[in-house]
Amino acid sequence: MLQVKGLRVNYGAVEAVKGIDIQIKKNNIVSILGANGAGKTSTLHAISGLVKKTSGKIIFDGQDITDSSVEEIVRLGIIQCPEGRRVFPKFTVEENLRIGAYSRKGQNIKKELQTVYELFPRLFERKKQIAGTLSGGEQQMLAIGRGLMATPKLFILDEPSLGLAPKIVEEIFETIKTIRDEGVTILLVEQNAMCAMNISDYVYALEVGKVAVQGTASELLQNEQVKNAYLGG
Ligand code: ATP
């Protein structure tokens, strides 16, 4: 579904991504792991059109999107749920969800709202609540729900577990699996390597802008280098 070939991203003299190749098959969950500054977010932003690529190629569903605008990329079905949740704090839960469907202007969004409320019953209970007053976990659910309102084909999640209690993290990861089971392909960036591997079909570990290791989650769970570097031995 997605092929990233020889991707490079520079910020002035800083080489954040130094020529990486990534492949994502339809209906898979693919994770990108790596320490702070490894180039994970830059890779995601290059795919979703938010940063300029220095070189490389990105093909989505057979179409070259290397130089496409963010609007075009969204229209094709690549939707990113940003790091740090970033809900609109002064709007209600339901208003935030409706904003998520803005790229589908004029279409009936009742079905999507229902899907999101089924996935996250807590959002339904709180649909009239002001988003800024939700707990961290609920705001993360809202950010994911808002992304789903745009009906992604490829849903990109940047650090969905960041700053959340373990029980909520478990719940979020279970939901990510359900979203995949409903037919959405997922690209996940995570520092929580164990949780990510548990739900992933394929994993890339980045180190200073390059792919250091890649493989299926079960291959990587047996890899000594991965165990020491990402799973605390
Ligand atoms: P984190 O988990 O901290 O977000 P990351 O793996 O996502 O890390 P990136 O955010 O992609 O890594 O950063 C890769 C490198 O690029 C780092 O050295 C970072 O300091 C640098 N970098 C990122 N954004 C910019 C920017 N806008 N201007 C200059 N340098 C940047």
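In the predicted model, the chain exposes about 11,200 Å² of surface, and carbon and sulfur atoms account for 50% of that area. Of the 233 residues, 50% count as buried. The secondary structure consists of ten helices and ten strands. The radius of gyration is 17 Å, close to the 17 Å expected from the globule rule for 233 residues, so the chain is as compact as a globular protein of that length. The C-alpha trace spans about 45 × 40 × 30 Å along its principal axes. Among contacts between residues at least 6 apart in sequence, 66% join residues at least 24 apart.

The ligand is surrounded by 13 residues, of which Gly 37, Gly 39, Lys 40, Thr 41 and Ser 42 come nearest. By class, this shell divides into five nonpolar, six polar and two charged residues.

Polar contacts to oxygen atoms of the ligand involve both backbone and side-chain atoms of the protein. A polar backbone atom of Gly 39 lies 2.9 Å from a ligand oxygen. In the side chain of Asn 36, an N or O atom is 3.1 Å from an oxygen atom of the ligand. For Gln 191, the distance from a polar side-chain atom to a ligand oxygen is 3.3 Å. The ligand taken alone exposes 620 Å², and 60% of this area is buried by the protein. Two or more residues of the shell are contributed by each of β2 (14–24) and α1 (40–47). The largest share, three residues, comes from α1.

How values were computed
Residues numbered from 1 in each chain as written. Predicted model: local features only at pLDDT ≥ 70, side-chain atom pairs only at ≥ 80, totals over all residues. Heavy atoms only, no water. Near = heavy atom within 4 Å. Polar contact = N/O pair within 3.5 Å; in protein donor to acceptor, adjacent residues only side chain to side chain. Areas by Shrake-Rupley, 256 points an atom, 1.4 Å probe, with all protein chains shown as cover. Helix = DSSP H or I, 4+ residues; strand = E, 2+ residues; numbered from the N terminus. Nonpolar A, V, L, I, M, F, W, Y, C, P; charged D, E, K, R; others polar. Rg over C-alpha atoms; globule rule 2.2 N^0.38 Å. Buried < 20%, exposed > 50% of the residue type's maximum accessible area, 1.4 Å probe, protein only. Contact = heavy atoms within 4.5 Å.
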